[in-house]
Amino acid sequence: MKYSYFPGCTLKTKAQELEKYALSSAKELGFELEEQMEWQCCGAVYPLATDEIATKLSSVRTLASAKEKGEKLVTLCSACHHVIKRVNEDMRTDESIRNKVNNYLNLSEDYKGEVEVIHYLEVLRDEIGFDQLEKLVKNPLNKRKIGAYYGCLLLRPNQVMSFDDPENPSTIEQFIKALGGEPVKYPYRTECCGGYLSLDKKDMATGMASNILSSASKHEIDEIVTACPLCKYNLEISETKNGVTISYFTELLAEALGLK
Amino acid sequence: MARIGVFVCWCGSNIAGIVDVKEVAKEAAKMPGVVLSTDYQYMCSEIGQNLFKNAIKEQKLDRVVVAACSPRMHEATFRKAAESVGLNPYLVEIANIREHCSWVHKNKVEATEKAIALVRAAVAKATLNQELIAGEIGIEKRALVIGGGIAGIQTALDIADAGYTVDIIEKTPSIGGKMAQIDKTFPTLDCSACILTPKMVDASMHPNINIHTYSEVEKVSGYVGNFEVTINKKARSVIMEKCSGCGVCIEKCPSKKTKSEFEEGLINRKAIYTPFPQAVPNVPVIDREACIKFKTGKCGICKKVCTAEAIDFEQENTKIVQKYGVIIVSTGYDLMDLDRFGEYAYGEDPDVITSLEFERLTNAAGPTSGKLLRPSNHKKPEKVVFIQCVGSRDNTCRGKTYCSKICCMYTAKHAMLIKEKYPDIEVHVFYIDIRTPGKNFDEFQRRAVEYYGVNYIKGMVGKVFPDGEKLIVSGVDTLIGETIEIDADLVVLAVATKAKDDAEELGRKLSISTDTNNFFTEAHPKLRPVETHSAGIYLAGACQGPKDIPETVAQASAAASKAIILLSKSKLVNNPCVAEVDEALCCGCLECTNICPYEAISSKTIEIREHGKIVKKLVSEVNEALCQGCGGCTVTCRPSAIDLNGFSNKQILAEVDALCF
Amino acid sequence: MIRVKMSTNNRKKEIDRVLGISGENIKLCMQCGKCSASCPSSSNMDILPHQIIRLFQVGNYEKVLNSQTIWNCASCFTCGSRCPRNIDITKLMEAVRVTVVRNKGESRINIKELPEKINDKMPHQVIVSAFRKYNK
């Protein structure tokens with residue numbers, strides 16, 4: 001099974017582990033992520049103002065390119081996934097945006113939101129299945145207590161993202177279980193880490209991230225897995241006293257598949 | 001030559017404000033057959049009706065057209081008026097120039113043109129109207145009440161006291177409904193079981209009432225006065241006539257793995273059980289899916305210990321077919337599922353409970369004998385937080401748009417019950433608004449604040465974070481403008497009420513409609529709140545919309561009175577606008593029998609004379625009592641052998657012709 | 001506290017323009033406060049999210065534009081996903097921010113101060129996102 005793959009800037013620079021292990025695991029699991037030719041930065045945030053069009057264009061170019069190949073578009077970074085999926089939904093449902101964008105881009109064929117945008121975890125959950133994944137595990141994780149950290153952008157708004165129940169998700173927990181770990185739920189696993197506040201208002205972000213870390217450590221979690229480079233950064237800079245390690249879910253996957 | 005009279009109503013300014021009624025009357029006077037055309041402000045008033053009646057007499061009118069509001073409003077009024085002066089009521093035709101014209105258009109010129117066209121069509125149809133005589137149907141003097149909660153019990157008692165036989169059917173093993181689960185009722189704080197059980201016993205002892213518990217409606221056919229209902233009595237596995245209600249079987253049953261529905265899942269029950277001690281009938285039921293004997297073939301202890309030999313593992317479901325004159329639906333409500341409201345941690349932490357679970361905790365007959373104990377560690381809570389509007393007043397796909405009506409009152413009741421027994425417990429209530437519209441209701445809620453010191457916080461809760469032994473409730477006080485946090489021991493959610501999940505299915509069996517929230521639809525929200533659009537079927541209680549006990553009892557008695565009106569008649573006049581078969585044209589294809597939604601058409605064999613011989617021919621036959629005059633058969637019939645009296649093919653075509661030319 | 005002259009026309013033009021950019025109908029808000037209760041950044045705000053909406057409902061434009069709140073919002077979408085009236089408050093916050101920074105000289109991050117704020121480990125995402133939210 002082949003998918004078009006959009007990495008995004010951060011995966012090629014500061015978050016290379018996220019990508020490296022994703023690609024090697026994909027090969028092991030039997031699917032291929034074909035990196036798109038000529039992709040650009042998705043913009044990092046989904047433009048919420050209804051009168052912004054230019055800021056959505058790069059996502060549309062990515063989507064149109066995936067449409068040409070006739071493949072589903074897979075993303076790894078929660079933030080890129082959020083931006084591209086929401087722009088796709090706009091192109092599918094909002095006529096005025098669709099017309100303006102198509103008029104500007106002048107593609108060989110108008111783009112109408114036909115591509116399906118899925119996250120790597122959705123490939124594992126829906127296309128391969130966690131049961132199948134469990135069978136392919138070579139190095140089960142020895143019932144290690146691992147907590148999932150979802151963050152915001154993967155789950156909300158639920159009407160568009162449709163990834164899992166935004167208040168009580170279970171995808172990453174099932175993932176951890178399939179790999180042989182012991183998933184531990186803790187109440188702060190869907191709370192915001194502070195996001196972009198950590199640039200200019202570092203204290204606010206570390207305040208929010210600390211709540212997450214102390215909640216995890218109260219539940220005896222030593223390890224947190226996440227899907228977003230920004231969440232990982234915010235959690236790491238706030239981690240001073242709890243002794244919790246933070247890693248990408250792909251690192252865990254690679255470890256369980258014996259690739260690390 | 002027809003002598004048609006046209007009466008154009010102003011309806012005050014409802015019609016006359018948009019339609020030039022004088023112009024319509026003027027144009028109508030020119031239409032073929034019209035000998036009188038006049039207008040008046042309020043045709044339905046006494047003066048208007050007298051004008052109508054006198055005109056018929058003096059002008060010797062043989063057809064009349066009233067251009068006014070919808071026939072649903074006043075067709076019956078004008079038919080009665082016509083009949084009173086000797087004109088057959090089915091020679092009256094209504095042109096709807098209000099709902100179909102003045103109420104939906106703004107342009108006066110166009111609206112007037114349309115009104116004239118509508119009148120022209122009505123005149124063309126009226127010309128072909130025939131005198132029709134309504135038939136009579138008998139009434140079965142028996143009522144069926146579906147649902148044995150307080151609404152069903154009250155309705156049954158009223159109808160039975162009036163002298164008619166009533167059957168109550170109830171899905172669960174005992175009557176009583178939600179009221180049996182409640183501890184105390186607002187605003188009097190009466191013990192719920194104490195006021196309910198006497199009524200339950202009255203119902204079971206009443207000579208005119210038959211109770212069928214553990215039973216469901218399987219099929220309904222027929223029509224008002226003559227419903228035929230098939231009831232499925234599920235096998236209790238206990239012979240009711242032999243059982244003495246001693247309860248030894250329940251004591252000895254080894255299977256205790258099923259969550260008790262009555263106790264809202266707080267504790268388990270046995271496989272053989274009665275839902276609660278005051279159950280009526282006091283005869284247990286075996287839950288075959290939990291029973292070890294039925295699952296594995298081993299056990300059977302209950303049968304061994306039963307001294308009355310009442311256990312019967314071979315017992316089967318039985319079906320009863322019964323005729324009824326009226327049906328009352330009183331199936332009640334449930335609380336919404338909370339699976340889309342994960343932020344409240346219901347299901348994640350045992351100390352987050354629903355209001356109905358709280359009722360069981362404070363109830364002296366409940367799982368903790370009335371002591372307020374935390375489900376997690378059975379210790380007394382120090383701080384209790386109530387959260388109102390969980391799922392109510394919610395426009396998103398997660399919740400219900402309506403206000404559930406009872407929660408503000410029962411939350412105040414819960415808060416006061418705690419404070420009365422345990423004055424040292426801190427009680428907080430998060431609310432959006434406080435709604436206390438009934439008699440003594442506002443005083444009741446204010447007592448919680450002013451006398452008992454319950455902390456009412458105007459604001460919602462964002463999320464409940466379980467933290468060790470505590471629950472951190474993260475909310476906001478909108479009046480001060482501060483976010484707040486409470487370390488609670490127990491959180492009680494006032495969950496939105498919802499209609500029963502099988503309401504839509506029951507509605508289909510009865511041919512009554514449900515609204516977008518699955519509550520049954522009343523015939524008119526203001527003036528006909530207990531009737532449905534299906535004659536002979538009435539509604540009582542929370543199945544029609546969220547309501548508290550005083551309103552439910554009032555509505556139950558109202559439904560009973562409507563039922564009694566019908567049952568007290570010796571006969572019912574039926575609708576003569578029914579289908580009729582021209583046997584000479586009928587080819588016997590019987591397509592009409594397939595299409596009729598009321599199963600009103602069957603076939604028969606007749607003998608006709610053809611080419612000097614007597615031959616047998618298959619033709620369709622319409623049961624006039626079942627036919628509702630929908631006209632579906634007239635469309636299906638290829639040789640046009642079946643036609644609808646009062647709405648014949650010729651009449652419809654005449655209307656179309658009048659509109660087009 | 002002075003008595004405010006209440007009118008449904010207070011700053012109507014400016015407020016309608018902001019609301020147009022947000023695409024949200026604030027008449028739907030019943031002031032239940034669920035957004036404020038859910039906001040993870042509420043402790044950093046001088047005016048709570050539900051109060052921001054109320055201020056707009058009564059035409060107090062200045063107070064909203066001058067608040068700290070709009071800059072301390074993390075755009076986490078929790079408020080909108082829990083709002084029982086389906087109002088996306090995140091879009092409203094963005095519309096107010098955008099209304100401010102689109103004016104000349106109103107950008108909130110000074111490029112000269114940037115080198116002190118960034119470090120080697122910081123992912124590009126943070127810098128790009130922050131610039132998109134705070135600057136023109």
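In this predicted model, C:R11 sits in the segment that comes before α1 of chain C. Its phi is near 45°, a positive value in a residue that is not glycine. C:R11 has 17 other C-beta atoms within 10 Å and is therefore partly exposed, since a residue counts as buried only from 20 such neighbours upward and as exposed at 12 or fewer.

Chain C itself is divided into two parts, domain 1 (12-102) and domain 2 (109-136). The C-alpha centres of domain 1 and domain 2 of chain C are 24 Å apart.

Chain C also meets chain A, with 34 residues of chain C in contact with 34 residues of chain A. On the chain C side, α1 (12-22), α6 (78-82), α7 (89-101) and α9 (124-134) each supply at least two of the residues that touch chain A. The largest share, 10 residues, comes from α9(C). Sorted by class, this side of chain C holds 15 nonpolar, 13 polar and 6 charged residues. Chain B touches chain A as well, through 6 residues of chain B in contact with 5 residues of chain A. The chain B side of that contact divides into 3 nonpolar, 2 polar and 1 charged residue.

Turning to the interior, the largest nonpolar core has 110 residues, and A:I84 and A:V225 have the most contacts inside it. Leaving aside residues up to four places away in sequence, A:V225 touches A:I146, A:A148, A:Y149, A:I172, A:S247, A:Y248, A:F249 and A:L252. Another core, of 59 residues, lies apart from this one and includes B:A156, B:L196, B:V326 and B:I537. In soluble globular proteins, nonpolar side chains tend to be buried together.

Helix α2 of chain B (residues 46-58) offers a good place to look at helix packing in detail. At 1.5 Å a residue, its 13 residues should span 18 Å, and the end C-alpha atoms are indeed 18 Å apart, so the two values agree. Three residues of α2(B) are buried, namely B:G48, B:F52 and B:I56. Seen down the helix axis, the buried residues of α2(B) fall within an arc of 70°, so they line one face of the helix. An α-helix has 3.6 residues a turn, so residues three or four places apart point the same way. The buried residues of α2(B) pack against β1 (4-9), β2 (34-40), β3 (63-68) and α3 (71-84) of chain B. On the other side of α2(B), the exposed residues are B:E46, B:I47, B:N50, B:N54, B:K57 and B:E58. After α2(B) comes B:K60, with a positive phi near 50°.

A few further backbone features are worth a look along the chains. In chain A, the peptide bond joining A:R156 and A:P157 is cis, with omega about -10°. A:P157 belongs to the loop between β5 (145-149) and α8 (158-161) of chain A. In chain B, a cis peptide bond runs from B:V280 to B:P281, with omega near -5°, and B:P281 is found in the loop between β15 (272-273) and β16 (285-286). B:R393 is not a glycine, yet its phi is positive, at about 55°. The loop that holds B:R393 runs between β21 (383-390) and α12 (407-421) of chain B. Because B:R393 has 19 C-beta neighbours inside 10 Å, it counts as partly exposed.

Terms used:
Residues are numbered from 1 along each chain as its sequence is written. Chains are lettered from A and ligands numbered from 1 in the order in which they are written. This is a predicted model: local features need pLDDT of at least 70, side-chain atom pairs count only at pLDDT 80 or more; totals for chains, interfaces and linings use all residues. Two residues are in contact if their C-beta atoms, placed from the backbone, lie within 7 Å. Helices (H or I, at least four residues) and strands (E, at least two) are DSSP runs, numbered from the N terminus. Ala, Val, Leu, Ile, Met, Phe, Trp, Tyr, Cys and Pro count as nonpolar, Asp, Glu, Lys and Arg as charged, and the others, Gly among them, as polar. A nonpolar core is a set of buried Ala, Val, Leu, Ile, Met, Phe, Trp, Tyr and Cys residues joined through C-beta atoms within 7 Å. Domain bounds come from an automatic or database domain assignment. The expected span of a helix is 1.5 Å times one less than its number of residues. The arc is that of the directions from the helix axis to the C-beta atoms.
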